[in-house]
Every structure is written in C-alpha cells, then in structure tokens.
Amino acid sequence: MKEKFRVLWIEDGARFDLTHLAAPVYMDGKYDLVVAENVSDAISKLQKGEFHAVIVDIRLPPGELLPWIKLHKEAGYDKIAARLGLKMLYSILGSANAEVKLENRPAWITSDRLGILTVESFPGLATDLGRLGISVFQQKTADVPDTILLDLIEKVIENQKS
Amino acid sequence: MSVEALEHTLFQQLAQLELPVAIYLISRDGRFLVCNSMARTLLELPSQGTIESSITNFWDPSERQALLEQLWNIDSSGERILTRHIRMRVGQRDVYVKESVRSIESLVENRIIGYLGCLVDITEEQRYEKLFDHLHVGIYSIDANEILVRVNNSLVKILGYDSKDQVEGRRAREFYANPEEEGSFRELVKNHAVAKQIKELVKKNGEFLFALVSTVAVISPDGEYEGRDGALIDVTNEERYKRSLNDVGVGFYVIGSRDGVDTITYCNQQFARTLGYDTENELIGRDIQTLYTAIEDHERFMRALIAKDAAGNPLRGYVERLVTHKGDQILVEVSSRLLKDRFGKIVGRTGVLSDITEEGIFREELKTFQKHIGQVLHNYSSTLLKARHTFAWVGSTIGPDPFESQKIPTLDEIEAHLKEPVQRLTLSLAEFVGKLKPYWQDRGISQEQWDLLCRLLANIENFNREIEVREHHAPFLRGLARELIQVCGTIQEAYIPREPVRKIIREASDLERIVCLASLHQAESIIVAMDHEVATLRDFLIATAEPQDRTHLVPLWSLVRQAMSNLKEFAHSQGVEFRANDESRNVQVEVVERDCLRALSSLLHNAIKYSWKRGNEPPWVQIRAHMKEGMVTVEFENYGVPIPKDEIESGLIFRFGFRGRYSGDRGRLGTGIGLTDARDIAQAFGGNVTIESRPAWRGVSPGDYSVPYITTASFSLPM
C-alpha cells in the first residue's frame with residue numbers, strides 16, 4: 001500500500017465551521033490529515049514529526065505556550081491584531097525577524113512545504129510571504145469550493161516537485 | 001541754701017511742671033524720690049505725696065539685676081545718658097517705654113546719689129512692631145536708591161534667609177528673578193499704588209518663588225519720590241497651579257452669579273483662546289450670556305446643570321454652541337459644577353470647556369455611519385431569517401429527521417444517529433464487493449469503478465480509526481456516500497444484479513441525508529446565534545447614535561422575562577434550560593426600557609452561549625433576582641466556559657471588542673460588545689455589572705481552566 005502524505009492543517013475553525021473542507025482531503029485518500037487548532041499545538045506537532053505539507057491560518061489563538069500567550073496579550077488579546085500564525089511562520093522557518101525563537105526548530109521545514117489559507121487578502125500579506133519565500137496562498141471566502149483545502153495541499157506538494 | 005537743697009528744690013519744681021513726658025528721680029537703688037504727674041499716671045502711682053516704691057518693682061524680676069547694672073554703669077560707659085527700651089509691669093498689664101536716664105552726682109560727696117529719667121509710653125508702637133515682625137506677610141521699606149532699608153521677619157523667612165541683616169541694606173533688584181522687572185515695577189509704583197502684582201523672586205538657595213506684592217510709593221511733601229513701602233505674600237503654589245491651568249488643553253473658568261447676572265470672574269488663557277480672545281483679561285468681568293448664540297441656550301444649559309446638581313453630580317460632557325470674538329460659532333463640550341453659599345443659594349459655577357467643533361462634525365458623521373451600518377445589519381437580519389427558513393424547508397424536504405427540532409445536535413447525538421446507517425451501508429457495500437469480486441471485469445464495471453468501490457469500502461471500514469478528529473467523521477461520511485451514489489449510478493445494471501446496487505444507493509442516500517440534516521441543524525443554530533449577535537450589534541449601533549430615550553419606572557423582572565422570551569429559541573437550539581427565581585417582588589427601576597432589555601439579553605445570551613452539559617444532565621442557566629441595600633440584582637449563572645481570573649481582575653472582560661481566552665472555544669460566535677454595553681447601561685442608570693467565575697469542581701488548582709467553571713454575571717440597579 002502506497003504511503004500517504006502527511007499534512008498538518010493549522011486552523012482554529014477546523015473542528016467547527018470548516019469541517020466540510022476536511023472531507024475531500026480524506027476522500028482523496030492520499031493524505032493523512034492532522035489538525036492543530038492553535039500555535040502551541042502546531043509547534044508541538046511540527047516538532048514531533050515531519051509533514052509533507054503544512055497549511056497555516058494567519059489569525060490563530062496562542063494555545064498554552066507562554067511566549068505566544070505573551071504576544072497575544074501584547075496585541076490586546078486580539079487574535080486578529082496578533083496574527084500569531086504569521087509570527088509562527090517566521091519562527092518555524094528560523095527567520096532573523098522571528099519574535100519567538102524556537103529552541104528545537106524542525107530542520108525539515110522549508111517554505112515550499114507551506115501553504116496559507118486565511119481570510120486575509122493577499123496584498124496585506126504579500127511582503128511577509130515574499131520575505132518567507134511562501135508562494136502558495138488562498139484566501140478563505142464564501143465562494144471557494146469545498147475542495148479548497150485539498151487543492152491547496154496539492155499545490156504545496158506540486159510546488160515541491162517543481 | 002546748700003547745693004543738695006537747691007537740687008531738691010529744682011527737682012520738686014520740675015515734678016510740678018506739666019511736662020508731656022513722665023519724669024522721675026530715683027535713688028541709686030531705684031527708690032522713687034520725685035515723680036511728675038505723667039510718671040505717676042503712667043506707673044499708676046499715688047497722684048500725690050511720698051511714693052513708697054522702687055522703679056525696680058516695675059521691672060521683670062529676671063531682668064532686674066541687669067537693668068540696675070546698666071544704670072550703675074552709665075558713667076563708666078562714657079555715656080552721660082542711657083537710652084533703652086524696656087518692658088514694665090504696671091498692674092496687670094505690660095507697658096513698653098522708651099527710657100532716657102542720666103545719673104545725679106552729689107557735688108559734696110562726689111558720688112552718684114541717684115538718677116533722673118524720663119519715660120515715653122511706646123506700648124502702641126511696640127504692638128505694631130510685634131505685628132510687623134510676626135505677621136505672616138513680608139513687609140519692607142525701600143528707599144529712593146532702591147535699597148531695602150527695613151524688612152520684617154516674615155519677609156526674611158519667605159526669602160529663605162536667617163536674619164534681617166542678610167536682607168537689609170541690599171538692593172531690591174537682587175531679589176528679582178528678572179532684575180529688569182524691578183525697574184519697570186518701580187516706575188509703575190512712583191505714580192500709583194500697586195496691588196496684586198505677581199512677581200517672581202529668588203530665594204537665598206536659588207529657588208524661585210512667586211509673590212503677590214502690594215506696594216505704595218513714599219512721596220515727600222514737595223512731591224519727591226523717597227522710596228516705597230510694601231507687603232508681599234508667598235503665592236508660589238497658587239501661581240504654579242494657575243499657570244498650569246494655562247498649559248492644559250482645556251479652557252477653565254469661574255463664573256460668579258449676582259443679581260441675576262453671570263459674570264466671568266476667572267478664566268485661563270486656553271478659555272480665552274478657545275473663544276478667540278488674546279488674553280483672559282478681555283473676558284474677565286464679562287456677562288457669560290454674551291458668549292451664547294441665544295439666551296435660551298444659556299437657560300437650557302443652566303437647567304441641565306441644576307438638574308445634575310440636584311442628583312448630586314456635576315454636569316459632564318454637555319455640548320453647546322458659543323460665539324467667538326470674531327462672531328463665529330463653535331461647538332464646545334462643557335463640564336461644570338455649581339457653586340453655592342452656606343444657605344444653598346447658587347453663587348456661581350466652575351467649569352472646563354474644550355472646542356469640539358471638528359470632533360462634533362466627525363461625531364455627526366460617525367452617528368450617520370453608525371445608523372447606516374445598523375440599517376445594513378437590519379437587512380442582514382432579514383437575510384438570516386430567510387436562510388433559516390430555507391434550511392427548515394430543505395430539512396423537511398429531504399426526509400425524516402431523527403434530530404430534535406431546532407436544536408443543535410451534539411457530536412454524540414450525530415454519531416449515535418449515524419451508527420446504524422453506516423453499519424448498514426458498510427455491510428451492503430462489503431457484500432456487493434465480495435460477490436462481485438470473482439467476475440467483476442465482465443460485468444459492466446470498469447477497473448476505475450472497481451478500484452473506487454474497493455477504496456470506499458476500505459474508507460468506511462476504517463474511518464473511525466484513520467480520522468482522528470471526530471468532528472470530521474460526519475462530513476467525511478457525507479462525501480463518501482455522495483461518491484458511492486455517483487459511482488453506483490454509473491454501473492451498467494444490465495450485467496449486475498440491480499437490487500444490491502439500488503440498496504447501496506438507498507443506504508448511502510440515507511447516510512447522506514442524516515449527515516445533511518445534522519449539518520442543517522448546526523447551520524441553523526449558528527444562524528440563530530448570529531441573528532442575536534447581529535441584532536445586538538445593530539441595536540447597540542443605533543441606540544448609541546440616537547438621542548437617549550427618557551427613563552421610566554419599569555418592573556425589572558418583567559424585563560428579565562422579556563429577555564428570556566426573546567432568547568428562548570436560542571436557548572433551545574443550544575439545549576439550555578432556564579431556571580428562574582424571582583425574589584425581587586416586582587420592584588421597579590428607573591431605566592430606558594430598550595437599553596435595559598438589551599443589557600439583560602446580552603448577559604443571558606452569554607450565559608446560554610457559554611454553558612456546558614452538567615454530567616449527563618442538559619445544561620441550564622440559573623436566573624435569580626434579589627434585593628439588598630437599596631439595590632436590585634439579577635444574576636445569570638451558568639456552568640461551563642471559564643473566565644480566567646486575570647481577565648476579570650484587570651477589567652479586560654469589560655473592554656469593548658475583547659473576547660476572552662476561552663470564549664472562542666467550540667466555535668462560538670461573539671463580538672465582544674455585549675458585556676461592555678451591559679455594564680455601560682447599568683452604570684448609566686446608577687448600577688453596575690460584576691462578573692465572578694469559579695471552578696465548579698472542588699480541589700481544582702488555581703489557574704486550571706480545563707475544568708468547568710460556574711460564572712455569575714450580576715446586573716444591579718438602584719431601586
């Protein structure tokens with residue numbers, strides 16, 4: 001049996017409003033989908049194992065790790081203003097601009113394994129994504145198909161091949 | 001006649017002269033020999049006859065010896081006459097005298113036989129001298145050369161020196177922070193008495209002080225300037241305070257009311273500038289009504305101020321129009337407080353104002369914008385209603401609904417209702433695939449279809465194990481059922497037994513239907529929740545954009561019942577029950593009904609939204625009303641989502657737009673406005689909202705928010 005691609009979907013609505021996006025991924029059969037609902041949970045999962053694709057939301061809650069709670073607090077406990085998903089990307093990619101330096105940064109994480117699925121529009125993120133070298137992006141809007149998560153995962157996988 | 005006799009005669013004659021000074025002759029040891037009538041009167045001695053007393057009896061016993069020795073030493077000191085100021089005790093009073101004494105020498109015996117002295121009563125002068133030195137006002141005299149010739153102790157102290165010697169004899173300008181100012185001040189004084197001039201002086205240690213100086217020129221009979229006398233008091237603190245009032249960004253003023261006229265008695269620079277004047281002096285003394293566009297505006301302001309005062313409060317944030325120096329109208333925001341005398345009569349008012357002309361325009365625009373958003377949200381409410389009804393229609397169309405009507409199904413309920421259809425479908429599919437396996441290639445199924453059927457079978461058999469997120473099971477099963485229906489629809493039935501395929505389609509459709517119904521209920525519940533959020537936001541925006549309604553007396557519990565009725569559907573959708581207990585005896589509160597209902601609804605909505613099941617029991621919200629110490633309190637208590645201690649203690653939970661750390665769990669909607677709005681409403685009517693959140697279980701360590709908490713929101717109002 002062919003081994004499945006491991007995918008981490010970092011999204012706080014993954015168990016609520018966005019469950020319908022997960023179904024096509026399971027149906028496709030090629031992916032083993034793991035969900036993280038906050039930054040702390042995501043970092044823990046990234047440190048424990050390798051993923052072929054990581055799909056990240058920008059507006060994430062901090063979870064239980066103190067540095068991320070602190071950033072959340074500094075932003076007035078406002079996850080929209082805090083943009084912890086973006087800050088997490090700087091951290092996991094080991095950027096000099098990272099506000100939180102990870103002690104055990106997973107070496108396997110490269111920008112071509114990352115995709116962004118967020119309600120934010122691209123112009124507001126273009127500079128950051130350019131700096132981070134992330135090219136796979138999709139805005140969450142009401143008119144996207146329910147296969148959008150699957151499409152994004154496939155793009156990330158394709159991106160690595162090219 | 002002997003010399004002594006001659007002398008005695010002369011003294012007797014001297015004593016009988018009506019000289020305007022007290023004269024006495026005393027022996028060497030101080031015994032009175034002769035006194036004239038003035039001396040007798042001054043010292044309260046017998047008006048006639050021999051005086052059986054000594055001058056030393058009038059002296060302070062502690063000073064007696066020293067004073068005597070001064071007499072004895074007159075000649076040895078080389079001075080023929082001793083002049084001194086002494087205090088004498090006459091009867092029950094102190095008499096201050098200036099005494100001049102010379103010795104009397106016996107020419108026969110060639111020795112001092114007594115003393116001749118005169119006394120001038122200077123008691124009055126002495127009192128003024130004491131007043132001069134002890135008064136808490138600095139007093140000084142400056143001569144024509146601008147030298148300080150006389151200062152009192154208070155001036156010495158105000159200037160930080162130790163003695164008068166350190167000040168007297170110095171030029172006045174040395175004490176000015178700006179010496180040039182002294183010159184101009186002198187010129188002013190030469191012509192006029194100057195009162196209430198603030199001058200900045202320098203103390204001994206270099207510190208600056210502000211002094212309120214009053215002075216008068218000393219002019220000779222022929223009109224020559226001979227100097228000036230003055231008094232000053234240290235007003236450093238007051239002046240710094242006044243100057244800081246000029247630095248603040250608001251206009252400060254004091255108005256005195258007398259005989260029906262309100263006159264500006266004090267204002268700062270900012271007040272003058274706000275109204276387009278260069279200095280505050282241009283406004284001080286003016287009738288405040290002249291700054292209003294209409295007398296009615298002033299009367300309206302006074303009515304508002306008096307009404308607030310009657311309630312024991314100052315008037316805050318009153319917006320009115322005033323006229324500037326140039327005649328332009330400006331919009332100002334005023335906060336003011338009445339001043340009254342001890343009989344309660346209004347004698348004036350103090351206040352601050354700031355120009356909000358630009359902000360006023362912005363506020364108007366913002367209110368319009370708020371109203372527009374409110375209207376848009378109103379349309380959204382209609383859209384949500386349509387969506388909800390459509391969902392209900394779709395639900396009833398797609399077949400029997402195993403879930404309770406209008407209630408959000410829990411994950412356990414969904415899984416329970418899916419269990420049997422999944423088993424049936426798995427069995428049918430497995431049976432079909434098993435029978436077809438030996439000869440599928442010739443029976444109208446392509447390789448691709450066969451592979452798909454096999455994969456779908458594997459998926460349905462293993463989904464529980466392979467999909468770790470339970471919430472993803474149902475959507476996955478719907479996708480699987482849909483795909484199965486599609487693939488079965490493409491199988492060439494001519495070569496395949498018809499019934500097994502139809503059975504799979506039927507069972508897949510049944511599975512799909514149940515997932516869709518669960519999803520419809522979930523979406524419907526989200527719409528009900530969203531409808532409340534939208535309605536609250538809409539009401540909040542419109543209510544804060546419109547002028548406030550009048551308050552009325554309303555039974556508080558009737559509003560609670562109305563809030564429960566409004567949220568009945570939402571509570572049902574969440575499976576939450578109400579448990580109400582009214583001990584408020586239908587007490588009335590004075591509120592704007594609409595606002596109070598919104599506040600109560602927000603608190604109740606929160607209690608419903610953040611409720612969890614209590615073990616095997618469905619969640620409930622406890623609603624209690626009770627009275628205590630003049631207040632009536634409604635408590636909304638729920639069991640569920642914790643509110644962390646730090647969020648309560650720091651007041652974060654009341655911050656506009658704030659959503660608690662745990663408030664967003666399980667995908668709850670929220671705007672972060674309800675609690676802020678509810679507290680503002682309660683406070684506007686003299687009450688408050690407080691929140692308490694404690695672990696529902698015993699022995700939970702502080703900061704453990706993984707367990708359910710009992711949260712109580714208390715809404716209190718004065719009865």
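1. In this predicted model, A:Gly115 has A:Val136 of strand β5(A) as its bridge partner. The pair belongs to a longer contact: strand β4 of chain A, residues 114–118, and β5(A) run in the parallel sense and are joined over four bridges. As background for the reader, strands of a sheet pair through backbone hydrogen bonds, in either a parallel or an antiparallel manner.

2. The sheet to which these strands belong should be described next. It is an open sheet of five strands in chain A, in the order β2-β1-β3-β4-β5, with parallel pairing. The edge strands are β2 (31–36) and β5 (136–139) of chain A, each of which pairs on one side only. From one strand to the next, the twist averages 20 degrees.

3. Strand β3(A) may be followed through its partners. It runs parallel to β1(A), with four bridges between them, and A:Ile10 stands opposite A:Val56 of β3(A). Strand β3(A) also runs parallel to β4(A), here with three bridges, and A:Val54 stands opposite A:Leu114 of β4(A).

4. The side chains of β3(A) deserve a separate remark. Which residues point one way, and which the other? A:Ala53 and A:Ile55 point to one side of the strand, whereas A:Val54 and A:Val56 point to the other; all of them are buried.

5. A:Leu114 lies in strand β4 of chain A. Why does A:Leu114 count as buried? The residue has 0% relative accessibility, and buried status requires a value under 20%, so A:Leu114 falls in that class. Leaving aside residues up to four places away in sequence, A:Leu114 touches A:Val54, A:Val56, A:Leu89, A:Ile92, A:Leu93, A:Ile109, A:Ile134, A:Val136 and A:Val156. A:Leu114 and A:Gln160 are separated by 46 residues in sequence, and their C-alpha atoms are 9.8 Å apart in space.

6. A helix accompanies the sheet. Helix α2 of chain A, residues 39–48, lies across β1 (5–10), β2 and β3 (53–56) of chain A. The helix runs at about 140 degrees to β2(A).

7. In chain B, a helix pair merits attention. Two packed helices are described by the angle between their axes and the distance between the axes. Helix α11 (residues 411–436) and helix α13 (residues 473–489) of chain B pack at about 30 degrees, and their axes are 12 Å apart. The crossing of α11(B) and α13(B) is left-handed.

8. Which residues of α11(B) and α13(B) meet? From α11(B) come B:Ile414, B:Glu415, B:Leu418, B:Val422, B:Leu425 and B:Leu429, and from α13(B) come B:His473, B:Ala474, B:Leu477, B:Leu480 and B:Leu484. By class, this contact holds nine nonpolar residues, one polar and one charged.

9. Aromatic rings form a further topic. Over all chains there are twelve aromatic pairs. One of them is the tilted pair of B:Tyr705 and B:Tyr709, with 5.4 Å from centre to centre and 40 degrees between the planes. B:Tyr705 and B:Tyr709 are both buried. In addition, ring pairs link A:Tyr26, B:Phe463 and B:Phe476 into a cluster.

10. Finally, chain B may be considered as a whole. Chain B contains 19 helices and 22 strands. Of its 719 residues, 43% are buried. Where contacts in chain B join residues at least 6 apart in sequence, 58% of them join residues at least 24 apart.

Note on methods. Residues numbered from 1 in each chain as written. Chains lettered and ligands numbered in written order. Predicted model: local features only at pLDDT ≥ 70, side-chain atom pairs only at ≥ 80, totals over all residues. Heavy atoms only, no water. Pairing = 2+ DSSP bridges. Helix = DSSP H or I, 4+ residues; strand = E, 2+ residues; numbered from the N terminus. Axes fitted to C-alpha atoms, helices over the stretch in contact; angles between N-to-C directions. Contact = heavy atoms within 4.5 Å. Left-handed = near helix turned anticlockwise from the far one by under 90°. Nonpolar A, V, L, I, M, F, W, Y, C, P; charged D, E, K, R; others polar. Phe/Tyr/Trp six-rings, centres within 6.5 Å; stacked < 30°, edge-to-face > 60°. Buried < 20%, exposed > 50% of the residue type's maximum accessible area, 1.4 Å probe, protein only.
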